Amino acid sequence: MAIRDIDFFAPSDVEILVRCKQFVEKELQTKYKLLAYLESNGKPTKYTKINIRRMEYALGIIDKYPNIKEML
C-alpha cells in the first residue's frame, strides 16, 4: 500500500481493520492456551469458552453467532 501524506498522521480504515484482525487472532491464541490451562487444573471454563466462540465468529471461523444463554 502506498503511503500518502494523510496516512502518516492517521491510519486508513483498511489498516485499522488489519490491525484489529491481527489483535483478535493473537487474543484467540491466548484464550486457547488459557482454556487448556484451566481445563488441566479443573477450573471453571464457561466464560473462557464463550469468549473463544465470540472471537471465532468475529474471525469467520464459525458461521453462527454463539447463543450465550445456551452456553451458560
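**Figure 1. Y65, at 43% relative accessibility, is partly exposed.** This close-up of the predicted model shows Y65 together with Y57. A search of the whole structure finds 1 aromatic pair. It is formed by the rings of Y57 and Y65, whose centres lie 5.1 Å apart and whose planes meet at 85°, so the pair is classed as edge-to-face. An angle over 60 degrees is what this class requires. The partner, Y57, is also intermediate in exposure: its relative accessibility is 36%, which counts as partly exposed. Neither ring therefore belongs to a residue in the buried class, for which the relative accessible area must be under 20%.

**Figure 2. The chain contains 4 helices and 0 strands.** Along the sequence, the elements follow the pattern α-α-α-α. The chain has 72 residues, and 21% of them count as buried. Its accessible surface amounts to about 6100 Å², with 59% of that area belonging to carbon and sulfur atoms. Of the contacts between residues at least 6 apart in sequence, 31% join residues at least 24 apart. The remaining views take up helix 2, helix 3 and the side-chain pairs along them.

**Figure 3. Helix 3 covers residues 46-59.** With 14 residues at 1.5 Å a residue, helix 3 should span 20 Å, and the distance of 20 Å between its end C-alpha atoms agrees with this. The buried residues of helix 3 are T48, I50, N51, I52, M55 and E56. They pack against helix 2 (13-40) and helix 4 (68-71). The residue that follows helix 3 is G60, which has a positive phi, near 85°.

**Figure 4. T48 is a buried residue, with a relative accessible area of 6%.** That value falls under the 20% limit, which is why T48 is placed in the buried class. T48 lies in helix 3. When its neighbours within four places in sequence are left aside, the residues in contact with T48 are K31, L34, L35 and L38. Three residues of this group, K31, L35 and L38, also appear among the buried residues of helix 2.

**Figure 5. Helix 2 is made up of 28 residues.** From its first C-alpha to its last, helix 2 reaches 41 Å, close to the 40 Å expected at 1.5 Å a residue. Its buried residues are L28, K31, L35 and L38. What covers these residues includes helix 3. An α-helix has 3.6 residues a turn, so residues three or four places apart point the same way. The residue following helix 2 is G42, whose phi is positive, near 65°.

**Figure 6. R19 and E15 form a salt bridge within helix 2.** The structure holds 4 salt bridges, and this pair is one of them. The closest N and O atoms of R19 and E15 are 2.7 Å apart. The two residues are 4 residues apart in helix 2, and so about one helical turn separates them. R19 counts as partly exposed at 46% relative accessibility. E15 has a relative accessibility of 28% and likewise counts as partly exposed.

**Figure 7. K21 and E25 meet through their side chains in a salt bridge.** The distance from N to O is 3.7 Å, within the 4 Å limit for a salt bridge. Both residues lie in helix 2, 4 residues apart, or about one turn of the helix. K21 has a relative accessible area of 46% and is partly exposed. E25 is partly exposed as well, at 34% relative accessibility.

**Figure 8. K49 forms a salt bridge with E39.** The closest N and O atoms of the two residues are 3.9 Å apart. The pair links distant parts of the chain, with K49 in helix 3 and E39 in helix 2, 10 residues apart. K49 counts as partly exposed, its relative accessibility being 37%. At 45% relative accessibility, E39 counts as partly exposed too. Helix 2 and helix 3 are also joined by packing, since the buried residues of helix 3 lie against helix 2.

Key
Residues numbered from 1 in each chain as written. Predicted model: local features only at pLDDT ≥ 70, side-chain atom pairs only at ≥ 80, totals over all residues. Heavy atoms only, no water. Buried < 20%, exposed > 50% of the residue type's maximum accessible area, 1.4 Å probe, protein only. Contact = heavy atoms within 4.5 Å. Areas by Shrake-Rupley, 256 points an atom, 1.4 Å probe, with all protein chains shown as cover. Expected span 1.5 Å × (residues − 1). Phe/Tyr/Trp six-rings, centres within 6.5 Å; stacked < 30°, edge-to-face > 60°.
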